[in-house]
Amino acid sequence: ISLSVGPALSAARDSTEWEKSFLKDCGMVVITANEEGKRPINRPTLFYMVHCGKALYNNLLWRNWSPQQLAQTILIGNSFKGIEERSPARILQRDYMYISYVSFTDFTVSTED
């Protein structure tokens, strides 16, 4: 599999110094400003968000909620299924509706022609 992406982005506000250094060494742009997860994308983009809370994931999804943008979003982070399993459904739907949408969407990829 070949994947061409621009500079990857990391919401590294809670990352360790080692993680930040590693991400920079790998050619990633480490976001130090608090963008609240609202960064729009227009090309394939990798987000490294392993220490982030539900609000940042939800904001990232909200800001990029189009088929074109979602198709270009690569996210390394917490499991949406895990978030769904640990959150009451009414809270997830009220406060984190985009995570809720993703959790209930089937993203199965077919390899058949």
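**Exercise 1: a surface patch.** In this predicted model, find which residues make a nonpolar surface patch of about 280 Å², then decide whether W65 is buried, partly exposed or exposed.

*Solution.* Start with the patch: W65, M97 and Y101 make it. Next, place W65 in the chain, where you will find it in the loop between α2 and α3 (67-71). Now look at its relative accessible area, which is 35%. Partly exposed covers the range between under 20% (buried) and over 50% (exposed), so W65 with its 35% is partly exposed.

**Exercise 2: a strand residue and its partners.** Work out where I76 sits and which residues it contacts, leaving aside neighbours within four places in sequence.

*Solution.* First, locate I76: strand β4, residues 73-77, holds it. Then check its exposure: I76 counts as partly exposed because its relative accessibility is 39%. Now list the contacts, which are L46, F47, Y48, M49 and V50. Finally, take F47 as an example: 29 residues separate it from I76 in sequence, while their C-alpha atoms are 6.1 Å apart in space.

**Exercise 3: inside the core.** Identify which members of the largest nonpolar core touch the most other members, and trace the contacts of Y57.

*Solution.* The core has 14 residues, and those touching the most other members are M49, Y57, L61, F80, I83 and I99. At least two core residues come from each of β3 (45-49), α2 (54-63), α4 (80-86) and α6 (97-103). Now follow Y57: not counting residues up to four places away in sequence, it touches M49, V50, C52, L75, G77, N78, F80, I83 and I99. Apart from this core lies another, of five residues, including L23, M28, L46 and Y48.

Definitions and conventions: Residues numbered from 1 in each chain as written. Predicted model: local features only at pLDDT ≥ 70, side-chain atom pairs only at ≥ 80, totals over all residues. Heavy atoms only, no water. Core = buried A, V, L, I, M, F, W, Y, C linked by side-chain atoms within 4.5 Å. Buried < 20%, exposed > 50% of the residue type's maximum accessible area, 1.4 Å probe, protein only. Helix = DSSP H or I, 4+ residues; strand = E, 2+ residues; numbered from the N terminus. Contact = heavy atoms within 4.5 Å. Patch = residues over 30% accessible without salt bridge, like charges linked within 9 Å, V, L, I, M, F, W, Y side chains within 5 Å. Areas by Shrake-Rupley, 256 points an atom, 1.4 Å probe, with all protein chains shown as cover. Salt bridge = Lys/Arg side-chain N within 4 Å of Asp/Glu carboxyl O.
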